[in-house]
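Dear colleague,

I am passing on to you the structure we spoke of, with the sequence alongside. Please look it over first, and then read the notes below it.

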Amino acid sequence: MEKNFINYHVLISHSPSCLNRDDMNMQKSAIFGGKRRVRISSQSLKRAMRKSDYYKDNLGETSIRSCDLGLLKDEFMQQYKDEFDEPIIKEALERFSKTKAVEEDEDAIDVEKTETTSDKKIAVAPWIKDEFKIICQIVKEARGEGLSPEEEEKANQAFQKQKGKKKRPSEHFLEIAFAKKIDKKLEASKIALIKAISSAIDVAFSGRMATSGLMTTIDGSFAVAHVITTHSVDGDIDWFTAVDDLQEQGSGHLDTQEFSSGVFYRYASLNLRQLQLNLGLIPNIKSIETPEGRKEALNIAAHVLHMMTTVVPSAKQHSFAAHNLADFAFVSFADIPISLANAFEEPVKASPGFIKPSVKAFHGYWENVHNGYGLDEHCAQFALGHDTPQGVVKAETLEKLKAWVKADGNIVKE
């Protein structure tokens, strides 16, 4: 039976750097095994991957992540100015961001409210261009068609049934009727919307929590751990000056910056079935995979491996230039996601450096877990100058390890 999870384990040694900072401008860190480790947040690593040239060249455009409806309106106006008028784009944004468009209560559409799109902010969410284009088209069609006599009659009946002093105007119920009409058209366009969502692979990776009635909730397929050093770290402080060329003495700026170096453990897991569902390659999570769908997911998985081993966050890189590539990459096809961070729960000791003992600690812990739990895994590794354990396929280059991933954990004969 084909394995559903791909586990990525990467060891990368970074020269002096400060790749991820906290609100105090200090390196992010974590206590693990009772010792301080330098940390790179999963958000930082995922964004670096998402914004990398490699991602753009191999996986296409990403979604637009924003919480500002005014800026989104300007962006979509620029994108679709030849296809939709501004009122259509504005209405699509308003409806997309509402909590529940068709509820006939205080949260329903209220034409008396004068809040403008540019004033509104919502939770940061990934907006997908192709998906939003379909929403705009549906709003345009609904407005163009208008309400049928039956829809108008139902709206009028709801208006007449009102009781109490706080009565809504008739326009309020007409807007609710339009909302229902749009929702019906959205339901009828579900297949097209799923296909549009699949155009943004970053959303298929990270998922999306719907904060509105029209935005689709998507479960993430790609889980990324916070990156930590395999050993304890005491940060150094760089005292630096910015020289003012027009002053005879002194400097124009004085400051300090924490930095350090170390071997970092990166871990991530990819749920291949969830990825295929998010890409519209299977209709539901329990569906049988097609060879074509599996192949597409594995091709994406190989690109993930490339980014896990080569992409580095950009923070302070003009000052430190820690553009290091991974020393070690270990990949397994398994039935469950398996982090091996506990290989470094006891901090690695320098012997003489940290990379060799880190690889040794990883191999030892992997073997214990693999044998102790009787795991049915297919494993392979690419490593710069390190031995390969028994039962693990040795890839001489990163490209060969990627080819192994694409081949579903099978050795590719040349």
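The notes that follow take up two helices and then the cavities.

Please bear in mind throughout that this is a predicted model.

Helix H7, which runs over residues 170–188, has 19 residues and reaches 28 Å from its first C-alpha to its last, close to the 27 Å expected at 1.5 Å a residue. Its buried residues include His172, Phe173, Phe178 and Leu186, and charged side chains are also on that list, among them Glu175, Lys181 and Lys185. The partners against which the buried residues of H7 pack are helices H4 (86–97), H5 (129–145), H6 (149–160) and H8 (190–197).

In helix H14 (398–406), the buried residues are Leu398, Leu401, Lys402, Trp404 and Val405; because they cover an arc of only 155° around the axis, they lie on the same side of H14. These buried residues pack against strands S1 (5–17), S10 (328–334), S11 (378–383) and S12 (392–394), as well as against helices H2 (53–59) and H11 (291–310). Aspartate 408, which follows H14, has a positive phi, near 65°.

As for internal space, there are three cavities of 30 Å³ or more, and the largest cavity has a volume of about 100 Å³. Its lining is made up of Lys46, Met49, Arg50, Tyr55, Asp202, Phe205, Ser206, Phe222 and Met307, with helix H1 (42–50) and helix H9 (201–206) being the elements that give two or more residues to it. By character, the lining of the largest cavity divides into five nonpolar residues, one polar and three charged.

With best wishes

Note on methods. Residues are numbered from 1 along each chain as its sequence is written. This is a predicted model: local features need pLDDT of at least 70, side-chain atom pairs count only at pLDDT 80 or more; totals for chains, interfaces and linings use all residues. Side-chain values use heavy atoms; hydrogens and water are left out. Buried means under 20% relative accessible area, exposed over 50%, partly exposed in between (1.4 Å probe, protein chains only). Helices (H or I, at least four residues) and strands (E, at least two) are DSSP runs, numbered from the N terminus. The arc is that of the directions from the helix axis to the C-beta atoms. Contact means heavy atoms within 4.5 Å. On a 1 Å grid over the protein atoms alone, a cavity is a set of points where a 1.4 Å probe fits but cannot get out, and a pocket is an open set with protein on both sides within 12 Å along at least five of seven lines; lining residues have an atom within 4 Å of a point. Grid points are joined across faces, edges and corners, and a volume is the space filled by probe spheres set on the points. The expected span of a helix is 1.5 Å times one less than its number of residues.
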